[in-house]
Amino acid sequence: IDKLNRDKHLEKEEWVTLLSGYTDDDRAYAAGIAREISNSRFGNKIFIRGIVEFSNVCKNDCYYCGIRRSNTNVQRYRLTPDEILDCCDEGYELGFRTFVLQSGEDKSYTNDTLCDIVRRIKAAHPDCAVTLSLGELTYDEYKALREAGADRYLLRHETADKAHYEKLHPAEMSWDNRMECLKYLKELGYQTGAGIMVGSPYQTAECIAEDMLFFESFKPEMIGIGPFLPHKDTPFRDEPKGSYELTLFLLSLCRILLPDVLLPATTALGTIRPNGREEGVKAGANVIMPNLSPTAVRKKYMLYDNKICTGDESAQCRGCLEMRMKSIGYEVAVSRGDHI
Ligand code: SAM
Ligand code: FES
């Protein structure tokens, strides 16, 4: 851990050793360094992003994901551009200055429509950042969205190990393409987010070592890390959930590796443990992404079982997080919270 902190690099075998033989003391040690780093960068401020899950329609069939196309138990929904705008307006009033538009890969929204939505949000709220999380698009589509004003893009690579990727996705999906997309996003000047699920089926310490090496070389501005949680209507329904402790440890190690990275304490972390997000912040995370979706659709965007905050209204989520952060000595910032 000291070596990582000093060199901002470990060899693959060193990662494997660290990830296969850590103790609670090691975790606490890493968390202490990580928290010191994030406090030195961000003080006691936590950035918030309002997430609008605007469609749960998806053409893909990832084995882990509750909204995969083969899941016929999902009630599918799509928000209209006006409804999406309304969510952002409400979010603005609540102090959000970043809006994350996330969906399944739903081709019923043309790229022109999506560009239009981005332009309308930016026109209504010029002091806000727009983050997209729409999955894999073409270079030209990413480019048009960037020109329409999108600032950031979240696209978890899911795993840096191609053979592992192929165990999580049907053959029609391509690891090479996903990695290519991440390259495009960086090239186009998006603040780019990559990331993984901790404890996804077939994941080994070697896989995570590859992920850490990928983070080191790609230098994402954001890293999304949460535990894998099974969903009852997916092929992975009987797989064990990811480790809470390992998720926290990885958050700390990411913070140490990339001191400036924007690192959310994810909803999945808050789902696996009631105070998971607070512990995530204490382990080095500096971002929280409360839900801004209309309450009526929230239960339908069920990526995994028992997802939290699906019964609440936006204002409740906002208030709840403010309180949770206060309880551990942090404050929610009203700002875009860009990567420095
Ligand atoms: N469709 C877009 C994409 O593929 O990037 C955005 C939505 S996708 C549902 C967002 C993320 O949810 C995925 O990158 C994946 O890591 C995470 N996710 C999906 N199913 C999950 C599960 N069962 N447990 C934990 N995270 C999950
Ligand atoms: Fe929609 Fe994986 S099931 S992107």
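Which strands form an open sheet of three, and in what order do they lie? In this predicted model, select β8, β1 and β9: they make up an open sheet in exactly that order, and the pairing is parallel. The edges are β8 (287-288) and β9 (331-333), each of which pairs on one side only.

**The three-stranded sheet**

Keep this sheet on screen and add helix α14, residues 314-327, which packs on it and touches β1, β8 and β9, with a direction that makes about 130 degrees with that of β9. Then look along strand β1 (residues 45-48), which is joined to β9 by three bridges, the two strands running parallel. As a landmark within this pairing, pick isoleucine 46, which stands opposite valine 332 in β9.

**The annotated stretch**

Now select residues 44-260, the range that UniProt, in an unreviewed entry, lists for "domain: Radical SAM core". Over this range the chain is 39% helix and 18% strand, and the C-alpha atoms at its two ends are 15 Å apart.

**The six-stranded sheet**

The next selection is β2 to β7, an open sheet of six strands that follow one another in the order β2-β3-β4-β5-β6-β7, again with parallel pairing. Its edge strands, which each pair on one side only, are β2 (50-55) and β7 (222-227). Seen across the sheet, neighbouring strands are turned against each other by 20 degrees on average, if direction is ignored.

Colour β6, residues 191-198, and examine its pairing with β7, which is parallel and extends over six bridges. Two pairs of residues help to locate this pairing in the viewer: alanine 194 stands opposite isoleucine 223 of β7, and methionine 197 has glycine 226 of β7 as its bridge partner. Helix α10 (residues 244-257) can be added here, since this helix packs on the sheet with contacts to β6 and β7, and its direction makes about 165 degrees with that of β7.

Turning to β5, one finds three bridges that join this strand to β6, the two running parallel, and among the residues to label is tyrosine 153, which stands opposite threonine 192 in β6. Strand β6 itself is mostly covered, with seven of its eight residues buried.

**Serine 133 in β4**

Move next to serine 133, which lies in strand β4 (residues 129-133) and is covered by a UniProt "binding site" annotation from an unreviewed entry. Is this serine buried, exposed or partly exposed? Serine 133 counts as partly exposed, because it has 17 C-beta neighbours inside 10 Å. Once neighbours within four places in sequence are left aside, its contacts are Val100, Leu101, Gln102 and Leu154.

**Glutamate 158 in a loop**

From there, go to glutamate 158, in the loop that links β5 (152-154) to α7 (162-168). Although this residue belongs to a loop, glutamate 158 is buried, because 22 other C-beta atoms lie within 10 Å. Beyond its neighbours within four places in sequence, glutamate 158 is in contact with Tyr165, Leu168, Ile196 and Met197. To see a separation in sequence next to one in space, draw the C-alpha to C-alpha distance from glutamate 158 to arginine 178, which is 9.2 Å for two residues 20 apart in sequence.

**Helices α4, α5 and α6**

The last stop is a set of helix packings, for which it helps to recall that two packed helices are described by the angle between their axes and the distance between those axes. Select α4 (residues 81-93) together with α5 (residues 111-124): they pack at about 30 degrees, with their axes 10 Å apart. The angle is under 35 degrees, and α4 is therefore roughly parallel to α5. The crossing of α4 past α5 is right-handed. To display the contact, show Pro81, Ile84, Leu85, Cys88 and Asp89 from α4, and Thr113, Asp116, Ile117, Arg120, Ile121 and Ala124 from α5.

Finally, keep α5 and add helix α6, residues 139-147, whose axis comes within 8 Å of that of α5 and crosses it at roughly 25 degrees. This makes α5 roughly parallel to α6, and α5 passes α6 in a right-handed crossing. Here the residues to show are Asn111, Leu114, Cys115 and Val118 of α5, which meet Glu141, Ala144 and Leu145 of α6.

Note on methods: Residues numbered from 1 in each chain as written. Chains lettered and ligands numbered in written order. Predicted model: local features only at pLDDT ≥ 70, side-chain atom pairs only at ≥ 80, totals over all residues. Helix = DSSP H or I, 4+ residues; strand = E, 2+ residues; numbered from the N terminus. Buried ≥ 20, exposed ≤ 12 C-beta atoms within 10 Å, placed from the backbone. Contact = placed C-beta atoms within 7 Å. Pairing = 2+ DSSP bridges. Axes fitted to C-alpha atoms, helices over the stretch in contact; angles between N-to-C directions. UniProt positions renumbered as here; feature names shortened; annotations may be inferred. Parallel < 35°, antiparallel > 145°, perpendicular 65-115°, else oblique. Left-handed = near helix turned anticlockwise from the far one by under 90°.
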